[in-house]
Amino acid sequence: MAVSTHLPTNYKVTVLEQYAAGASDQEVSKELGIPMSRFKKLYGADEDFRDIVDTGRSHALAWWMKEGRVNLQNKQFNYTGWFQNMKNRYGWADKAEISDSISKPIETLSTEDLEQDIENMLAKIGRKQPV
């Protein structure tokens, strides 16, 4: 699938400008004049498009993080709204929930059992971390 058949010739500039201002994929899709279904197909099928979107997403995250940082002293800044946005947009959480899956007292476990429990817990943590 050729990107040029679906997007304006200057699409890379549009994508990067939108993301640099903190835009979401939906906003970028709107600016490109394509539905989200096509945006997702292009992302999956076209390496150039995927690279520019991935770069743009990094810019958007940086923009949102900077908003929180530069407004530390601004009493009118809505940190609750900003933090809710970060949780919804980037998978942030108030705290990480990690359950202890060791069922026996640690003193009674063999080295192999301990290593397996640690491996299992690390795998659990890995699945819960945002991509």
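**Close-up 1. Packing of helix α5 against helix α4.** The buried residues of α5 pack against α4, in a predicted model where local features need pLDDT of at least 70, side-chain atom pairs count only at pLDDT 80 or more, and totals for chains, interfaces and linings use all residues. Residues are numbered from 1 along each chain as its sequence is written, and side-chain values use heavy atoms, with hydrogens and water left out. Trp82, Asn85, Met86 and Lys87 of α5 are buried (under 20% relative accessible area, 1.4 Å probe, protein chains only). Helix α5 covers residues 79–90, and its end C-alpha atoms are 16 Å apart, in agreement with the 16 Å expected for 12 residues at 1.5 Å a residue (1.5 Å times one less than the number of residues).

**Close-up 2. Contact of helix α1 with helix α4.** Helix α1 (residues 11–20) packs on helix α4 (residues 47–70) at an angle of about 20 degrees, with the axes 7 Å apart. The two helices are therefore roughly parallel (angles under 35 degrees). Their crossing is right-handed. Among the residues in contact (heavy atoms within 4.5 Å) are Tyr11, Val15 and Tyr19 of α1 and Phe49, Ile52 and Trp63 of α4. The residues of this contact comprise 10 nonpolar, three polar and three charged (Ala, Val, Leu, Ile, Met, Phe, Trp, Tyr, Cys and Pro count as nonpolar, Asp, Glu, Lys and Arg as charged, and the others, Gly among them, as polar).

**Close-up 3. Surroundings of serine 29.** Serine 29 lies in helix α2 (residues 25–32). Its relative accessibility is 2%, so serine 29 counts as buried. Leaving aside residues up to four places away in sequence, serine 29 touches Ile34, Pro35, Met36 and Phe39.

Definitions and conventions
Axes are lines fitted to C-alpha atoms, for helices over the stretch in contact, and angles run from 0 to 180 degrees between N-to-C directions. Helices (H or I, at least four residues) and strands (E, at least two) are DSSP runs, numbered from the N terminus. Angles under 35 degrees count as roughly parallel, over 145 as roughly antiparallel, 65 to 115 as roughly perpendicular and the rest as oblique. A crossing is left-handed if the near helix is turned anticlockwise from the far one by less than a right angle, and right-handed if clockwise. Buried means under 20% relative accessible area, exposed over 50%, partly exposed in between (1.4 Å probe, protein chains only).
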